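Thank you all for coming; I would like to walk through a structure that may be new to most of you. Please have a look at it first, and then we will go from the whole chain down to one element.

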Amino acid sequence: MDFKEQLKNKTQIVTDGILKFLPEESGFQKTILEACNYSVINGGKRLRPIMIESAYLLCCGRADKELNEQDKRNILPFMAAMEMIHSSSLVHDDLPCMDNDTLRRGVPSTWAKFGEDMGTLAGDGLMIYAFETASKSEAAPELKSKAIEILAKKTGIFGMIGGQTVDVQLTGKQPTKEQLEFIYKLKTGALIEGSFMIGAVLAGASEETVAKLEEAADCIGMAFQIEDDILDVTSTEAELGKPIGSDEENGKITWLTYYGMEKSREDVEKYTNRAIEIVEEIGDYPFLTELLRSLVNRRS
């Protein structure tokens with residue numbers, strides 16, 4: 001089976017697993033449940049949950065690279081939780097007070113479909129429900145506790161939300177290169193770091209290995225966000241599944257602003273190669289190596 005087929009299969013398996021954790025759409029609050037589920041069900045590459053699984057298998061040193069039933073009970077709740085948090089961040093990013101995008105993954109964004117009030121509440125609801133979901137993991141208590149701590153830190157004010165804060169404050173202004181890198185490392189990189197770290201922790205990896213994977217994920221986060229900047233200029237709305245040119249329209253300074261297209265492409269390659277180097281020092285998992293390479297060449 002080639003990489004593309006492997007990725008397609010894993011994406012479907014992960015999606016099926018995640019959907020089992022979504023709440024039933026009933027009761028007086030049915031609208032918010034529909035909005036939450038819409039945000040998660042509506043497409044998505046499931047990259048972060050797949051990264052949790054990949055880091056877990058890498059650190060287990062599993063020759064067959066497949067999850068057994070106990071593995072699934074240990075990590076699927078965290079995979080679902082991470083996708084919920086990622087989805088919540090996109091719901092909030094699209095709001096009129098943020099990027100004001102009405103299209104996400106080729107269909108109306110959550111607020112555009114359900115209204116700005118429900119869009120705001122759906123983002124909040126998903127973020128909280130993610131932790132309720134993660135708590136259902138059957139991993140050893142000490143491992144589950146550490147994984148939840150990582151999930152909270154990488155989501156919150158010292159992680160993704162911290163990066164979003166600086167990003168919003170500097171929209172229309174001239175951030176320094178250091179501020180821009182800070183935004184990328186937290187707004188985009190934090191959840192990727194959390195995914196790698198959670199997978200490693202749940203596999204019982206050493207603190208040294210967890211730290212190495214955090215570094216690898218930091219590099220991938222930088223590469224991913226710079227590539228996102230490039231796609232905002234070079235892709236099409238059909239490929240990207242959302243409006244193109246929104247960075248310029250919203251007055252955002254990006255990596256391309258400072259470094260230009262050629263250097264930006266070189267940086268994507270540099271960060272990706274470093275991440276792969278670290279991963280290959282830990283173990284042999286060709287699928288994960290190919291996954292990291294694919295992020296450089298994606299069209300959406």
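**From the whole chain to one helix**

Of the 300 residues of the protein, 54% count as buried, and I should say at once that what you see is a predicted model. In terms of secondary structure, the protein has 14 helices and two strands.

Let me turn to overall dimensions. For 300 residues, a compact globule would be expected to have a radius of gyration near 19 Å, and because the protein has 18 Å, the value agrees with that expectation. The C-alpha trace spans about 50 × 50 × 35 Å along the principal axes. Among contacts with a separation of 6 or more, 73% are between residues 24 or more positions apart.

As for the surface, the accessible area comes to about 13500 Å², with 52% of it belonging to carbon and sulfur atoms. The protein carries 34 positive and 50 negative charges, and the mean positions of these two sets are 2 Å apart.

Now to helix H3, residues 47–60. Its 14 residues should span 20 Å at 1.5 Å a residue, and since its end C-alpha atoms are 20 Å apart, the helix agrees with that figure. How much of H3 is covered? Mostly it is, with 12 of its 14 residues buried, and these include Arg48 and Glu53 as well as Leu47, Ile50 and Tyr56. Among the elements that cover the buried residues of H3 are helix H1 (3–19), helix H4 (69–94) and helix H13 (255–282). Just after H3, finally, Gly61 takes a positive phi of about 65°.

Methods
Residues numbered from 1 in each chain as written. Predicted model: local features only at pLDDT ≥ 70, side-chain atom pairs only at ≥ 80, totals over all residues. Heavy atoms only, no water. Helix = DSSP H or I, 4+ residues; strand = E, 2+ residues; numbered from the N terminus. Rg over C-alpha atoms; globule rule 2.2 N^0.38 Å. Buried < 20%, exposed > 50% of the residue type's maximum accessible area, 1.4 Å probe, protein only. Contact = heavy atoms within 4.5 Å. Areas by Shrake-Rupley, 256 points an atom, 1.4 Å probe, with all protein chains shown as cover. Lys, Arg positive; Asp, Glu negative; His and termini not counted. Charge placed at Lys NZ, Arg CZ, Asp CG, Glu CD. Expected span 1.5 Å × (residues − 1).
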